[in-house]
Amino acid sequence: MLSFTTNSPAETHALAKKIGAALRPGTCVAFFGGLGAGKTTFTRGLAEGLGLPDLVSSPTFALVNEYHAPGCVSVYHFDMYRVTSPEALETTGFWDYPLEDSVFVIEWAENIEDDLPEPLVKITITGSGDQPRQIILEGDELLDRSGS
Ligand SMILES: Nc1ncnc2c1ncn2[C@@H]1O[C@H](COP(=O)(O)OP(=O)(O)O)[C@@H](O)[C@H]1O
Ligand SMILES: [Mg+2]
């Protein structure tokens with residue numbers, strides 16, 4: 001487990017970029033933390049660290065946003081805000097997305113906690129508004145530290 005404090009969105013982005021650069025293909029990243037915690041801010045940094053263009057928007061009105069770029073691992077960014085049962089999850093087609101060669105990023109992981117794919121990196125963000133954020137990362141042994 002790793003613990004961080006960030007004092008601004010820019011600090012959260014910079015931290016996330018480092019973690020994104022260390023993510024291995026096939027990893028699921030699951031965010032816990034309420035509205036405005038910084039999940040989407042963190043996801044933008046992750047995508048940048050993976051080499052994807054900084055295009056990540058909040059997928060609340062689509063269940064998933066996909067990011068692909070030549071030579072980069074694809075990112076599937078899910079928002080589970082409205083998905084509150086295993087049956088609802090099944091209906092979304094979630095299980096048809098290919099995790100093997102991609103990275104999943106899941107906002108509102110609380111809502112599908114028993115169905116989160118593995119290997120799993122859990123990121124819990126606490127704090128809101130202009131407060132500093134406490135960021136707890138579980139599953140750090142899954143990160144590739146060779147580049148840092
Ligand atoms: N340390 C911080 N880290 C991340 N976001 C922060 C921080 N401090 C303030 N913020 C603000 O909190 C909001 C986080 O929004 P967002 O990333 O969309 O959250 P979520 O996806 O969890 O709802 C942004 O308006 C951002 O500017
Ligand atoms: Mg969000």
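User: Happy to start with the loops of this predicted model. Where is the place of R82?

Analyst: Good place to begin. In this predicted model, R82 is outside the helices and strands on either side, β4 (74-79) and α3 (86-92). Its place is the loop between β4 and α3.

User: Is R82 buried or exposed?

Analyst: The cut-off for exposed is over 50% relative accessible area. R82 has a relative accessible area of 55%, so R82 is exposed.

User: How far apart are the C-alpha atoms of R82 and A69?

Analyst: Along the chain, R82 and A69 are 13 residues apart. In space, their C-alpha atoms are separated by 28 Å.

User: Let's turn to the metal. Which protein residues are the donors of the magnesium ion (ligand 2)?

Analyst: Two residues supply the protein donors, through an OG1 atom and an OE atom. These atoms lie 2.1 to 2.3 Å from the magnesium ion. The residues are T40 (OG1) and E107 (OE).

User: Why does the pair T40 and E107 tie together parts that are apart in sequence?

Analyst: T40 lies in helix α2 (residues 39-49), while E107 lies in strand β5 (residues 102-107). The pair therefore ties together parts whose separation in sequence is 67 residues.

User: Are T40 and E107 buried or exposed?

Analyst: Buried means under 20% relative accessible area. T40 has 14% relative accessibility, so T40 counts as buried. E107, with a relative accessible area of 3%, is also buried.

User: Now for ligand 1. Which residues come nearest to ligand 1?

Analyst: There are 16 residues around ligand 1. One of the nearest is T40, which is also a donor of the magnesium ion. The full set of nearest residues is T12, G36, K39, T40 and T41.

User: Which helix gives the most to the shell around ligand 1?

Analyst: Both α1 (9-21) and α2 supply at least two residues each. With three residues in the shell, the helix that gives the most is α2.

User: What distance separates a polar side-chain atom of T41 from an oxygen atom of ligand 1?

Analyst: For context, a backbone N or O atom of A37 lies 3.2 Å from an oxygen atom of ligand 1. The side chain of E107 also has an N or O atom 3.2 Å from an oxygen atom of this ligand. For the polar side-chain atom of T41, the distance is 2.6 Å.

User: How much of the area that ligand 1 exposes alone does the protein bury?

Analyst: Ligand 1 sits in the largest pocket. Taken alone, ligand 1 exposes 580 Å². Of that area, the protein buries 75%.

User: Back to the backbone. Which residues does a cis peptide bond join?

Analyst: Omega of this bond is about 0°. P119, one of the two partners, lies in the loop between β5 and β6 (120-126). The cis peptide bond joins E118 and P119.

User: What is the value of phi of W108?

Analyst: W108 is found in the loop between β5 and β6. At 15% relative accessibility, W108 counts as buried. Phi is positive here in a residue other than glycine, with a value near 60°.

User: One more: is F31 buried or exposed?

Analyst: F31 lies in strand β2. The C-alpha atoms of F31 and N65 are 16 Å apart in space, with their positions 34 residues apart in sequence. At 0% relative accessibility, F31 counts as buried.

Terms used:
Residues numbered from 1 in each chain as written. Chains lettered and ligands numbered in written order. Predicted model: local features only at pLDDT ≥ 70, side-chain atom pairs only at ≥ 80, totals over all residues. Heavy atoms only, no water. Donors = N, O, S within 2.8 Å, 3.2 Å for Na, K, Ca; no water. Helix = DSSP H or I, 4+ residues; strand = E, 2+ residues; numbered from the N terminus. Buried < 20%, exposed > 50% of the residue type's maximum accessible area, 1.4 Å probe, protein only. Near = heavy atom within 4 Å. Polar contact = N/O pair within 3.5 Å; in protein donor to acceptor, adjacent residues only side chain to side chain. Areas by Shrake-Rupley, 256 points an atom, 1.4 Å probe, with all protein chains shown as cover. 1 Å grid on protein atoms, 1.4 Å probe; cavity = no way out; pocket = protein on both sides within 12 Å on 5 of 7 lines; lining within 4 Å. Sits in = over half its atoms within 2 Å of the grid points.
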